[in-house]
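This briefing covers a ligand shell, a helix pair, a sheet and a domain contact. Please read it alongside the sequence and the coordinates.

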Amino acid sequence: MVNRKKVAVIGGGVSGLAAAKAFDERGHRVVGFERSHDFGGVWELSRSYPDVQTQSPKDLYCYTDHPMPEDYPEWPKGPQVHAYLHSYAAKHKLHRLFQLNTNVRSMERRADGKPGWTLSLEAGSHNWTEDFDFVVIGSGQFSDKNIITHPGQDAFEAAGGQVMHSCEYTDPSIVKDKRVVVLGGSKSATDIAVNAANNGARSVHWVYLEPVWRIPYFVGGINFKRLLYMRAQEQQFNAWGRSGVSRALAALFKPLVWANFRGLETLLKAQLGLKKYGMVPKIPIEKDVSCSVPIVTPGLFEALKAGRIKNIQGTFDRYDGKTIQMTGGQKVEADVSILAVGWKLGVPYLPQPYQEKLVEPDGQYRVYRLSVNPDLPDMGFVGFNSSFCTVLSAEMIANWLVRYADGQLADQPSAAQMNENIEMMLNWKRTERPAAKIYGGLCSAPFHFKHFDELLADMGAARRKRSNPLAEQFSYPDHRAYGEFLASCPQYQAG
Ligand SMILES: Cc1cc2nc3c(=O)[nH]c(=O)nc-3n(C[C@H](O)[C@H](O)[C@H](O)COP(=O)(O)OP(=O)(O)OC[C@H]3O[C@@H](n4cnc5c(N)ncnc54)[C@H](O)[C@@H]3O)c2cc1C
């Protein structure tokens with residue numbers, strides 16, 4: 001008999017919604033807290049920059065039981081994703097579980113000696129504390145913006161210059177007739193640079209530290225989901241926990257793998273003209289692939305070709321009046337400086353002593369299956385296994401976490417087993433695959449299948465692969481198939 005728990009879900013984005021549904025479905029009493037006035041997280045409308053669209057194709061960015069509408073484009077726009085998340089919440093009546101405009105300020109172990117946590121909450125001027133038996137952290141990796149400043153910024157702003165974080169670029173009219181400089185190498189940086197160039201900016205400079213591999217929506221005319229998202233590709237990367245046999249096989253096939261990736265690089269260089277723009281990355285693509293690999297913003301290379309965007313490798317050294325001086329010595333006149341420098345990873349409402357159990361001195365997270373830490377009982381993360389198909393990843397881990405919380409995993413790990421696995425994963429990231437250290441090591445890409453295989457095995461799924469081995473080997477993680485695999489896990493109800 002599984003006891004019904006009172007469960008807090010922090011965050012009302014993709015992950016919080018998946019978690020609320022998974023715990024509610026098992027019969028727990030879920031109370032969700034979202035500090036914004038609306039669901040959606042990064043897709044909430046007031047946080048989205050114009051023209052934002054998914055990197056993932058729509059059938060790789062949806063919950064297993066709720067495909068995106070047929071009339072959505074292959075890569076839906078931000079407002080469409082936002083509407084989709086609302087339709088998912090409506091389908092599962094998740095609104096009734098959430099308190100919006102409610103911020104979680106901190107969490108402490110319960111003082112009454114019972115398992116669980118006490119949350120300190122605030123809604124407007126109302127502050128209170130509430131006890132929970134289990135806490136799901138779904139507050140995302142992109143909730144607190146990274147703020148950086150450069151010498152001379154005050155004088156730049158006093159002279160009429162504007163400096164903003166990428167998430168504050170919500171109205172393209174601010175760049176009309178302005179000289180715009182965008183700092184950052186991510187997709188948000190290129191999305192904003194292209195948007196500014198298309199919305200009447202007088203000039204657009206795009207400044208980034210190092211060129212990285214960027215994947216176009218169509219590689220050699222083929223939708224990238226049909227080329228890059230399959231087991232057959234994934235098996236060519238150096239995954240964790242490889243046996244002696246699989247290492248021997250990898251050594252045997254090394255020349256073929258090498259040729260495959262050099263072929264892909266050659267194709268990308270030719271298709272995008274990377275050499276012409278000094279944008280050929282130094283690191284081989286197979287070593288670089290992780291959650292940080294951006295998709296090419298449509299129109300980026302066309303704008304570079306037409307000179308409507310000029311690229312500069314380096315970073316800002318300082319502002320000098322209305323000029324920005326770059327580390328490479330270039331000087332660029334600017335009216336608007338947009339810093340696409342990302343987000344601070346963390347769980348700011350978790351007090352320091354707990355943070356020390358969670359995060360290693362080098363910033364790597366100690367989390368088993370990217371979700372739980374044996375030294376922080378009665379809590380777990382959903383959405384910290386980010387990927388190239390984050391909605392599915394969130395749903396998978398939410399279903400895993402509720403079983404973990406209820407002691408219902410087919411393979412319920414002990415603290416010692418979890419710590420051993422955590423150490424193995426940390427060692428793999430530090431010594432074999434440095435690209436996996438991105439975002440504190442909280443990224444499951446490009447090992448989607450391996451991660452999902454582990455979760456399904458832990459949950460005791462009777463079905464974990466499609467019956468057609470060719471389809472399984474050569475097609476992307478299909479949400480319908482994963483819906484069936486989840487349904488094949490042992491079911492139960494708390495009560
Ligand atoms: C522009 C952009 C495009 C992207 N495109 C893709 C894509 O194509 N494919 C893909 O796989 N991923 C993509 N991502 C990654 C994206 O972050 C995830 O897909 C997903 O939306 C993350 O959802 P989440 O719920 O984990 O986090 P978020 O969306 O960040 O939601 C977290 C929520 O928690 C709330 N919160 C935070 N702290 C508190 C607190 N203390 N109290 C209460 N509430 C709190 C926040 O307000 C927020 O609503 C993209 C990200 C961005 C920024």
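A residue is near a molecule if its C-beta atom, placed from the backbone, lies within 6 Å of it. On that basis, 32 residues surround the ligand. The model is predicted: local features need pLDDT of at least 70, side-chain atom pairs count only at pLDDT 80 or more, and totals for chains, interfaces and linings use all residues. Residues are numbered from 1 along each chain as its sequence is written.

**Ligand shell**
- The closest residues to the ligand are Gly 11, Gly 13, Gly 41, Gly 140 and Gly 383.
- Helices (H or I, at least four residues) and strands (E, at least two) are DSSP runs, numbered from the N terminus.
- Helix 1 (14-25) and strand 4 (103-109) each supply at least two residues of the shell, and the largest share, three residues, comes from helix 1.
- By class, the shell holds eleven nonpolar, 19 polar and two charged residues (Ala, Val, Leu, Ile, Met, Phe, Trp, Tyr, Cys and Pro count as nonpolar, Asp, Glu, Lys and Arg as charged, and the others, Gly among them, as polar).

**Helix 1 and helix 11**
- The axes of helix 1 and helix 11 (residues 390-405) come within 8 Å and cross at roughly 35°; axes are lines fitted to C-alpha atoms, for helices over the stretch in contact, and angles run from 0 to 180 degrees between N-to-C directions.
- Residues are in contact if their C-beta atoms, placed from the backbone, lie within 7 Å.
- On the helix 1 side the contact includes Val 14, Ala 18 and Phe 23, and on the helix 11 side Thr 390, Glu 395 and Val 402 are among the residues met.
- This contact has nine nonpolar, three polar and one charged residues.

**Parallel sheet**
- Five strands form an open sheet in the order 3-2-1-7-20, with parallel pairing; two strands pair if DSSP finds at least two bridges between them.
- Strand 3 (98-99) and strand 20 (379-381) stand at the edges with a single partner strand each, so one side of each has no neighbour in the sheet.
- Strand 1 (residues 6-10) pairs with strand 2 (residues 29-33) over five bridges, and Val 7 has Val 30 as its bridge partner in strand 2.

**Domains**
- The domain assignment, which is automatic or from a database, gives domain 1 (6-144 + 344-487) and domain 2 (147-342).
- Their C-alpha centres lie 27 Å apart, and the contact takes 35 residues from domain 1 and 30 residues from domain 2.
- Helix 12 (415-432) gives the most to the side of domain 1 that touches domain 2, with four residues.
- That side of domain 1 has 22 nonpolar, seven polar and six charged residues.

How values were computed:
Contact = placed C-beta atoms within 7 Å.
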